[in-house]
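The following exercises are to be worked through with the sequence and the coordinates at hand. Each task is followed by a solution set out in steps.

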Amino acid sequence: MLNLVVEIEPNSGFCFGVKNAIKKAEEILNLGEELYSLGEIVHNDQEIKRLEEKGMKTISYAEFEKLQNKTILFRAHGEPPESYKIAKNNHVTVIDASCPIILKLQEKISRSFLQHENIYIFGVPNHPEIIGLNGKINNSAVVFEKYEDLDLNKLPKKITLYSQTTKSLKQFYAIIKELREHDITVKIVDSICRQVSNREQDLREFCRRFDTIVFVAGTNSSNGKQLYEICRQENPDTNFVSTVNEIKPVWFRLNERVGICGATSTPLWLIQDVKNYLLAL
């Protein structure tokens, strides 16, 4: 026995939007009804597997276009208007689990579009949230992942800057500072979810307290990659896992203090499974 002291970071687990989406899905599945999810309900393979074992079917946009007379869940990321049109035309019942924060963001960007503003979005171009957001404005926004992606020679002198809700607040305002230093007038729409951004400092403080960190997230989680890097900056002995099976006992030494944390897309049951596994080493 390694006699590890193991603690879970208090703010780990699903954000409100994901919790709400999964609750809506389970309400339908627990009635024994058929339910489809348009894309992954959450970027975590283990949680998707759990829900699919209950009967949920995850489908692609191409499959959705052919779906008829079924029930589909729109996940927390939000959907473009085209998805609602397809559902209506195909007599598909929509369970809308779009996060309220993202719905408000879609309303704001629609107003910016109607006012003919030059809209830029700090985010991942093919992320579901960005597809839904840009879809509200006929895909007219310029989406970029980092400041270096912008061509200052082609940039308008006045822009309206939005952000994907899960991006770094620090990076967002660093980009604004750079733009203003190049005489670009920036109208800021700070659309970053504070439930996500406020975790950064808490995570940094948490990771400093332990010998080793185990970070639990899906490999395709944008938020997971970002938070993992924050943990690794504070504690080089940070290990990324998606399942309990990926944990290697050689990472730990006798009587070590081990911290466990996860992304906003990581279920608490999976984090607890990791804790139980470590305690048994």
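The exercises below concern a predicted model and treat a sheet, a cavity and two residues.

**Exercise 1. The sheet**

Determine the order of the strands in the open four-stranded sheet, the sense of their pairing and the strands at its edges.

*Solution.*
1. The strands follow one another as β3-β2-β4-β5, and their pairing is parallel.
2. A strand at the edge pairs on one side only, and this holds for β3 (56-59) and β5 (93-96).
3. From one strand to the next, the twist averages 30 degrees.
4. For the pair formed by β3 and β2 (residues 35-38), four bridges are found, in the parallel sense.
5. Within this pair, S37 has T58 of β3 as its bridge partner.

In general, the strands of a sheet are paired through hydrogen bonds of the backbone, in a parallel or an antiparallel manner.

**Exercise 2. The cavity**

How many cavities of 30 Å³ or more does the whole structure contain, and which residues line the largest cavity?

*Solution.*
1. The search of the whole structure yields one cavity of 30 Å³ or more.
2. The volume of the largest cavity is about 40 Å³.
3. Its lining consists of K167, S168, L169, V196, S197, E200, Q226, L227 and I230.
4. Two or more lining residues are given by each of the elements α8 (194-197) and α10 (222-234).
5. Helix α10 supplies three residues, the largest share of the lining.
6. Sorted by class, the lining comprises four nonpolar, three polar and two charged residues.

**Exercise 3. Two residues and their surroundings**

Is Q164 buried or exposed, and is N89 buried or exposed?

*Solution.*
1. Q164 is located in the loop that lies between β8 (158-163) and α7 (169-181).
2. The relative accessibility of Q164 is 0%; because buried means under 20%, Q164 counts as buried.
3. Leaving aside residues up to four places away in sequence, Q164 touches I121, F122, G123, V124, H127, E129, I130, I192 and S222.
4. N89, by contrast, belongs to helix α4 (residues 81-89).
5. The relative accessible area of N89 is 59%; because exposed means over 50%, N89 is classed as exposed.
6. Between N89 and E65 there is a separation of 24 residues in sequence and, from C-alpha to C-alpha, of 9.6 Å in space.

Methods:
Residues numbered from 1 in each chain as written. Predicted model: local features only at pLDDT ≥ 70, side-chain atom pairs only at ≥ 80, totals over all residues. Heavy atoms only, no water. Pairing = 2+ DSSP bridges. Axes fitted to C-alpha atoms, helices over the stretch in contact; angles between N-to-C directions. 1 Å grid on protein atoms, 1.4 Å probe; cavity = no way out; pocket = protein on both sides within 12 Å on 5 of 7 lines; lining within 4 Å. Points joined across faces, edges and corners; volume = space filled by probe spheres on them. Nonpolar A, V, L, I, M, F, W, Y, C, P; charged D, E, K, R; others polar. Buried < 20%, exposed > 50% of the residue type's maximum accessible area, 1.4 Å probe, protein only. Contact = heavy atoms within 4.5 Å.
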